[in-house]
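Visitor: I should like to learn how aromatic pairs and polar contacts are read from a model. Could you guide me through an example?

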Amino acid sequence: MYPSHREREQPIFSARAHVFQIDPATKRNWLPASKHAVTVSFFYDANRSVYRIISVGGTKAIINSTITPNMTFTKTSQKFGQWADSRANTVYGLGFATEQQLQQFSDQFKEVKEAARLAREKSQEKFELTNPALNIAAPQDLSEDRHSPPLLTVNGPEDKLFRSKSADMEQLTSEKERIKKMLSEGSICEINLEAELFTLQDSNAKLVAALHEANTGVEEWKKQLAEYQEETGRLRDQVAELEAQSGRPGPSESETRDELTQTLEELEALLKAKDEEIHNLQSKNSDIPDLEKEREEAVQRLQDLETRNAELEQRVEKAEQTLASSLEERDRAESEVQRVIDVLDVKIYDLNDLRQSLAKLIDK
């Protein structure tokens, strides 16, 4: 249901998109806020000079975000964008059907953000004019920090009429860091989720087209069935007339009757086949959820096979490396054995020479 003060707000722009919110527990995953594409609208409250983004799903508001000058709409892909709302302590994501719709929404967000900034400045100026004591107390701080309105608090005997600039800068810096962290964490899984979302949408569109085509075929076959039934009735009437004209048909009449009977049988067989085909198509139409489930199981099996294939490839690569190392070791061992054999041959040759020298000495 729309907020109770919607009657004083005026819509200025609307678009259709799938709505997501960041998971508050992990700050990394997107949670779908709508099952289907819903209307996302910019509203302007003239009484309060406030701009808001509102989207309603069913009976509840799934987006109720007030636009502030420090908000930023970021396009993280061709069809997906997001922005952080510190007041709601969440990050909103929108998935559009086309890149053009995303660009239109982004441009409108920038215009509304600028209008919100101007409205805040006008409100600040009006506040300063209606409170001259503030201008006297701290004119420099108020002029340099237009984007943050004064905060009136009481601390002991003295009233603090303005927020210190250093505190505002620290809060703004911490807020920016927190938003950057949320955006960086949320954008990690956003691309995969968006791809999966639009893949499912494409698959759903294909199934709807196939169902529509099957229904069209059923209608055509029904028309053909009616025509065949009409032709069968006409042929049966002709047979009945021929039988009535002659109690005892001649040879030519008998042949004509046989041909008509054969034609009737062929038509009846064709009608039976068409009935079975229509029944099969109707059963296929009713089995679309089962087919979708089988498709998902097949995709899962394919992913498992790809994972196993990658593991096998790694094993083969390791085995090839081990084999190469073994071959190198074998070559080194063969080289060492050959070197030892050569050394032994030299030793044997020297030993033979020594024996011959000893034999000569003995003979002398």
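Guide: The discussion below takes aromatic pairs first and then turns to one serine. Please note that this is a predicted model.

Visitor: How many aromatic pairs are there?

Guide: Rings pair if their centres lie within 6.5 Å. By this rule the count is 13 aromatic pairs. One of them joins Phe20 and Phe80, with ring centres 5.9 Å apart and planes at 50°, so this pair is tilted.

Visitor: Which parts does the pair of Phe20 and Phe80 tie together?

Guide: Phe20 belongs to strand 1 (residues 9–22) and Phe80 to strand 7 (residues 80–85), so the pair links parts that are 60 residues apart in sequence.

Visitor: Is Phe20 buried or exposed?

Guide: Buried means under 20% relative accessible area. Phe20, at 11%, is therefore buried, and Phe80, at 3%, is buried as well.

Visitor: Where do Trp83 and Phe109 lie?

Guide: Trp83 is in strand 7 and Phe109 in helix 1 (residues 99–130), so their pair ties together parts 26 residues apart in sequence. Their pair is tilted, at 5.9 Å centre to centre and 50° between the planes. Both Trp83 and Phe109 are buried. They also belong to one aromatic cluster, whose members include Phe13, Phe42 and Tyr92.

Visitor: With which side chains does the side chain of Ser65 make polar contacts?

Guide: Ser65, in strand 5 (residues 60–66), is buried at 0% relative accessibility. Its side chain makes a polar contact of 3.2 Å with that of Trp83 and one of 2.7 Å with that of Asp85. Ser65 also touches other residues, among them Tyr51, Met71 and Tyr92.

Notes
Residues are numbered from 1 along each chain as its sequence is written. This is a predicted model: local features need pLDDT of at least 70, side-chain atom pairs count only at pLDDT 80 or more; totals for chains, interfaces and linings use all residues. Side-chain values use heavy atoms; hydrogens and water are left out. Rings of Phe, Tyr and Trp (its six-membered ring) pair if their centres lie within 6.5 Å; planes under 30 degrees apart count as stacked, over 60 as edge-to-face and the rest as tilted. Helices (H or I, at least four residues) and strands (E, at least two) are DSSP runs, numbered from the N terminus. Buried means under 20% relative accessible area, exposed over 50%, partly exposed in between (1.4 Å probe, protein chains only). A polar contact is a pair of N or O atoms within 3.5 Å; within protein, one must be able to donate a hydrogen and the other to accept it, and residues adjacent in sequence count only if both atoms are side-chain atoms. Contact means heavy atoms within 4.5 Å. Lists of a residue's contacts leave out its neighbours within four places in sequence.
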